[in-house]
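User: Could you take a close look at the empty spaces in this model for me? I'd like the cavities first, then the second largest pocket and what lines it.

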Amino acid sequence: MQIVTLSPIYTPLNLKAGIDPTSADYCEVLKAIPLQDNTIVAPNRDWEKPDDSYADTARDGYEMRVLLWKCRDEETGAELTYHVYPNETSMAEVTLELDNSLATDDIDADALDKECQRISRKVITRHSAELYKVLKAIMSAVPSRYVDPVRQVSSIEPKDVSWVSRTLLLTPGERKDPHVQALLADWLRNTTRPEDAAAIAAGALDYSMTWLNYAIVDESEEQTRMLISAMRIAQFFYAAQQRLNEKGQEAISQTMFIKKRREVERVLTDVQANMRLLRIEYDVHKLHLNRTKRKVIDQIMEGWDFDDLMKNGDRILNFASDKLTAIANRRAQSSSFVTELILFGIGLVAIFEVILYFIEYSREVATRPILEFDRPSLFFRLFASADADLLILFGVILSVILVFIYARYSRNK
């Protein structure tokens with residue numbers, strides 16, 4: 001009997017949101033990944049985009065993983081694979097071999113569950129430092145225009161490994177064993193479909209995958225590989241969405257204390273871009289999966305209440321959009337106010353300039369009547385005899401009247 005666990009973990013590899021694995025730019029990323037060996041595999045390195053993505057309905061036509069890093073833990077004998085994704089969230093897959101003597105009458109599913117989680121956390125953290133060295137070298141080799149800043153860490157602790165899903169991997173013969181059947185019933189009792197245990201024992205079902213504790217009957221290697229892949233994809237997107245929701249909530253909290261509007265805009269815009277692109281990637285990924293795998297992923301997501309997580313993400317997006325709209329409106333109001341202030345200043349200068357011009361010209365006319373060809377008009381005589389201070393005061397009053405008229409017009413517009 002085997003147990004396969006899957007755990008979302010933080011990995012310091014963060015490519016720019018929106019880099020398509022099928023694009024020419026992605027070649028720069030592939031160049032930075034070490035050549036394939038028994039430890040490192042780059043799924044997209046030898047992958048060629050088919051002319052028709054839907055010609056083969058049995059195979060997947062899209063691959064998001066940047067690389068796979070594999071090793072064997074000598075102490076426990078567990079097989080470990082890190083499935084590294086491009087957005088700081090990756091999946092650690094641990095395969096544990098269980099002694100057949102565990103299948104006894106008094107086996108405790110809860111104790112087995114906790115022990116598998118403990119071993120998985122220990123194995124994952126033990127090899128994380130070596131993985132992180134590889135990823136740091138890749139991040140350094142990829143051109144800076146393709147990467148975003150990451151939180152620099154050298155390794156992870158057991159407490160950093162959460163949401164560990166557990167899958168009982170049974171052989172066709174084990175499903176008929178009464179002890180294993182009892183274990184299976186206990187294993188699935190807290191899932192959304194505990195009745196699947198009886199259906200699996202009766203041969204009506206080959207798997208049950210709804211909530212953290214899963215079970216698969218290993219009827220064929222291809223089907224088992226497909227089901228585990230479906231679990232990994234579902235859990236990755238759930239974990240990535242949850243992480244973005246948490247970052248979004250943190251960003252919204254920060255905006256309450258950030259005074260610089262440009263910094264607030266940058267934080268909220270990053271949240272929006274990453275969250276929307278993750279949604280796009282999720283939809284694109286599902287489009288290229290075969291029908292059975294899509295059904296399994298939908299079943300897992302339903303058990304995990306993924307729709308509720310997405311709705312919370314939508315609320316964060318809406319809040320960010322409203323906040324950005326409010327910032328844009330305030331900026332527009334500020335710009336409008338500054339523009340109006342500049343125009344008012346220009347108008348004020350123009351009024352005083354005209355007044356001073358008339359004073360100067362009127363006095364010139366009064367002293368040199370020939371400029372009027374006969375004698376100065378009453379208008380020019382008034383300006384020539386008027387006190388300059390009174391005329392400037394008149395300009396100020398006129399300006400105030402114009403401002404008042406504009407204010408009344410703007411309020412009623």
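**Cavities and a pocket**

Analyst: The count comes to two cavities of 30 Å³ or more. Here a cavity is a set of points on a 1 Å grid over the protein atoms alone where a 1.4 Å probe fits but cannot get out, and lining residues have an atom within 4 Å of a point. Volume is the space filled by probe spheres set on the points, with grid points joined across faces, edges and corners. Bear in mind that this is a predicted model: local features need pLDDT of at least 70, side-chain atom pairs count only at pLDDT 80 or more, and totals for chains, interfaces and linings use all residues. Residues are numbered from 1 along each chain as its sequence is written, and side-chain values use heavy atoms, leaving out hydrogens and water.

The largest cavity has a volume of about 40 Å³. Around it sit Leu15, Ile19, Pro21, Tyr26, Met64, Pro86 and Glu281. That makes six nonpolar, no polar and one charged residues, taking Ala, Val, Leu, Ile, Met, Phe, Trp, Tyr, Cys and Pro as nonpolar, Asp, Glu, Lys and Arg as charged, and the others, Gly among them, as polar.

The second largest cavity comes in at about 30 Å³. Its lining is Phe237, Gln241, Leu278, Arg279, Tyr282, Phe306 and Met310, or five nonpolar, one polar and one charged by class. α5, α6 and α8 (306-367) each put in at least two of these residues, and α6 gives the most, with three. Helices (H or I, at least four residues) and strands (E, at least two) are DSSP runs, numbered from the N terminus.

Now for the second largest pocket, at about 910 Å³. A pocket is an open set with protein on both sides within 12 Å along at least five of seven lines. This one has 29 lining residues, with Asn14, Glu88, Arg243, Lys247 and Asn274 nearest its centre. The lining divides into 13 nonpolar, five polar and 11 charged residues. β1 (2-14), β5 (87-97), α5 (221-255) and α6 (261-287) each supply at least two, and α6 has the largest share, nine residues.

As for α5 itself, 25 of its 35 residues are buried, meaning under 20% relative accessible area, with exposed over 50% and partly exposed in between (1.4 Å probe, protein chains only). Its end C-alpha atoms are 50 Å apart, which agrees with the 51 Å that its 35 residues should span at 1.5 Å a residue; the expected span is 1.5 Å times one less than the number of residues.
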